[in-house]
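Please look at how the strands and the helix are arranged in the structure shown here.

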Amino acid sequence: MSLRVAGSIASAALRTSEVGMAVASSNVANADTAGYTKKTASVGTRDTAIGFSSVDTTSISSTINQFLLKTLVGAQSDLGAATTRNDYLDQLQSSLGSVSSDDDSSGSDLGSMIDSLADVAATLATSPESESAKAAVVQNVSDLAESLRSASSSVQSLRGQADEDIASTVDRVNESLNTLDDLNERIVKGKALGQNTGDLEDQRNEALKGLAENLDVTYQVDSSGMMRISTSSGKTLLDSSVHELSYTPASSVSASTTYSATGTSGFQGIMIDGVDMTNSLKGGSLGALVTLRDADLPAQQARLDELATTLKDSLNAIQNSGTANPQPQSLTGTTSVTASDALAVTSGTLRVAVTDQSGTAAEVLDIDLSTLSTVQDVVDAINTMSNATASISADGKLVIAANGSSQGIALGGDDGAFSTAYGMNDLLTGTGASDLKISSAIGADSALLATGALATTSGLTAGDTVLTSGEGSVASALSAAFSAARSFDTAGGLSGRSTTFAGYAGAVIQGAATLADKAQTAYDSQNTYTSSLETSFSSQSGVNVDEETATISNLQSAYEAAASVMKALQEMFDAALSMVQ
């Protein structure tokens, strides 16, 4: 072997050791860098063409378990969804209040407030003439209505928050896609030039996991090194260019704000290349946000609405069956009507009584509703009275009033069917939990709360007593309403049932608590699973500092050995040169 060939072999060994130490040192330096994978310098032999072999660094690469990486990317998507659901459903549960213990009615939840209302209603039933008992009932009804409005507002606030988060998540998805596109370009160019692209691929994998947290995706890497990404439903997000998502959040959100793929109002669609992909974007925080906004939270609103409307209809029916004592000077309905509307009640008797403050009748009129056809017919019938008038107000409400300022008006007959139909003596108003309120008149004057009912004796005329002080049949019915089972329809996934108001409120709260508990369990499980995958991935592809330190030590020894060979060859060359001279 010539000195030149020996020197070339030793020089190659030096270069190979230098590259190996540089790679190992870089591994140690980046051991704590997120997403960094261990790089390995592969060494191969090179034929010197004269019967001897040399060594060279053939490539620098990462050892990555691609199946494990795909599994981890999928797990990141599931974790993103679980994290989002856990956060939102925990907020939902908190917004519905805390349940009291030992049935002390001191909790802030809806069930406890209903129990408090039941307590003061029971007091009113024993003292229907008590102004303080009436005031307590009115205040508790008002508080309960406010609590339902607050719960509804919290649900809609969470929907609005989810809608805003959808917009910000879309921005993050687009940012990740553009980052991946930039890395794609650099990796493809680097590979074409034979450069080491391992660090760039690590960055791309990390960006891919960040994308997956927000959206469930699939991906493939072709022979050129380009990564192509699609949604789980197959819509392309990244190929030779980026296909960005677009979304504009709603300016305001209420219980009536909904998403419709064909609608022009409410929530808009999440678009990709002009195509609405809202219902196709699954997994990740984005998929979870859409589900929360359009399914989970509306379901909670539906349950609150069912409680609110059943409560309103039940209490209003009781209130409309009776009258306050003393009677108000006028009654105004809550139902919108026109003169030509067909009567809502076509049978039975409507009793209209004009009384003085002691409950003595100034005039009594019994109207056979089966003989009438329209609202105007009722107005005309009442207007035949000497002491009362009826009309339809400018805003379309039925108004019945006593003519004298010291007189009162009271309605009766057939358990208040007519009064209930037109809301003549409603306690609560509203279409659902979002706008449930106590009647403005009763809220301003608790003395207008109905506690008794007109006498049902036939043939009552002027001078007869139609309502006695202490008559508390309506107050008793109001108290009994809170212990009686009511029929609740299926709403928001909560099955229909027969239970008390407090029982249904408890089911609503328990449903939210169960949903939040499941979300917490799912998050804990997914977080543990994803962490275990991260650990496995790191153990296979991450940096072990001790191993890299040992590698550096071994390479240093090899380097020193090659350097010694080079030194010996140099001495031999110098000696040969001296002999020639």
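The following paragraphs go through two sheets and then a helix.

The model is predicted. One open sheet has three strands, placed in the order β11-β10-β14, with antiparallel pairing. Its edge strands are β11, residues 361-368, and β14, residues 408-412, each of which pairs on one side only. Averaged over this sheet, neighbouring strands are turned by 15° against each other, with direction ignored. Strand β10 covers residues 349-355 and pairs with β14 in the antiparallel sense through five bridges. To place this pairing in the sequence, look for R351, which stands opposite G412 in β14.

Another open sheet is also built from three strands, here in the order β9-β13-β12, and the pairing is antiparallel. At the edges are β9, spanning 330-336, and β12, spanning 388-392; each pairs on one side only. The twist from one strand to the next averages 10°. Strand β13, residues 397-402, pairs with β9 in the antiparallel sense over four bridges. Within this pairing, S336 stands opposite K397 in β13.

What lies across strands of these sheets? Helix α7, made of residues 375-382, lies across β10 and β11. The helix runs at about 150° to β11. On the other sheet, α7 lies across β12 and β13, and its angle to β12 is about 155°. Helix α7 therefore has contacts with strands of both sheets, as lying across here rests on heavy atoms within 4.5 Å.

Definitions and conventions
Residues are numbered from 1 along each chain as its sequence is written. This is a predicted model: local features need pLDDT of at least 70, side-chain atom pairs count only at pLDDT 80 or more; totals for chains, interfaces and linings use all residues. Side-chain values use heavy atoms; hydrogens and water are left out. Two strands pair if DSSP finds at least two bridges between them. Axes are lines fitted to C-alpha atoms, for helices over the stretch in contact, and angles run from 0 to 180 degrees between N-to-C directions.
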